[in-house]
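Please open the structure in the viewer and follow the stops below in order.

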Amino acid sequence: AALAPRKSIVPPPPLPGMPIGSAITVTLDLESFLGVSAVAPASLTLVRSAAEVPTVSIGGAPSRFVRARDELVLLASARAAGCWPVDSGLTMFFAWELVNITSTPLDADAAEELARAMPVVAAAAASASASGAATLSLPAFSLRAGFAYEFHFTATMASDSAATATTRINVEVLEEPIVALITGGNTRRYTQGSAI
């Protein structure tokens, strides 16, 4: 039997007037027309943050599968909070960072070795408007096959470092079979009597 919410109208929570740090929990409890309730109600807790943070996202799925021979291009975007005071300035700083490496299947020694040499993979960029984008580009063979890399993208309001937001993406580098290649190509022409 289909379940329907017991109450279909929920007034919007008074977020602008909420004190910083306070929370509101919204609970959804479903009941069928036969009186059968859902096993457990769904709930969502909203917490009033100290700063109005930007909205950040990375294009595509939260996990990506690539091959070592492919160039990696990640595009992220950020938008200042709609209620951010314009007189404080809309400039945002962007940064990409490689924060974790794991092996697939697990090879703890190799993953630890890569993690020790883990670089910050991109310098910060900036946007002077209410929205902006930042691209992370890594050339082919920058990442090792058989490993998963976790990248974070962060946007911070230039006028308030507490107004920062981060999102992440996991990139798994697939292993490929070995391919045999002959230098010079696989077709040769020789004249009679010449050495091969």
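**A tour of the predicted model**

Begin with the whole chain: among contacts (heavy atoms within 4.5 Å) between residues at least 6 apart in sequence, 71% join residues at least 24 apart. This is a predicted model, in which local features need pLDDT of at least 70 and side-chain atom pairs count only at pLDDT 80 or more, while totals for chains, interfaces and linings use all residues. Residues are numbered from 1 along each chain as its sequence is written, and side-chain values use heavy atoms, with hydrogens and water left out.

Next, colour the chain by pLDDT, the predictor's confidence in each residue from 0 to 100. The chain averages 76. Of its elements, strand β1 (residues 3-5) has the lowest mean, 50, and strand β6 (residues 63-67) the highest, 92.

Switch to a cartoon view, which shows one helix and twelve strands; these are DSSP runs (helices H or I, at least four residues; strands E, at least two), numbered from the N terminus.

Now select F94 and F153. Their ring centres lie 5.6 Å apart with the planes at 45°, so the pair is tilted (centres within 6.5 Å make a pair; under 30 degrees is stacked, over 60 edge-to-face, the rest tilted). F94 belongs to strand β8 (residues 92-103) and F153 to strand β11 (residues 147-157), so the pair ties together parts 59 residues apart in sequence. F153 is buried, at a relative accessible area of 0% (buried is under 20%, exposed over 50%, partly exposed in between, with a 1.4 Å probe and protein chains only).

Finally, add W96, which is also buried, at 3%. Ring pairs link F94, W96 and F153 into a cluster.

Key: Phe/Tyr/Trp six-rings, centres within 6.5 Å; stacked < 30°, edge-to-face > 60°.
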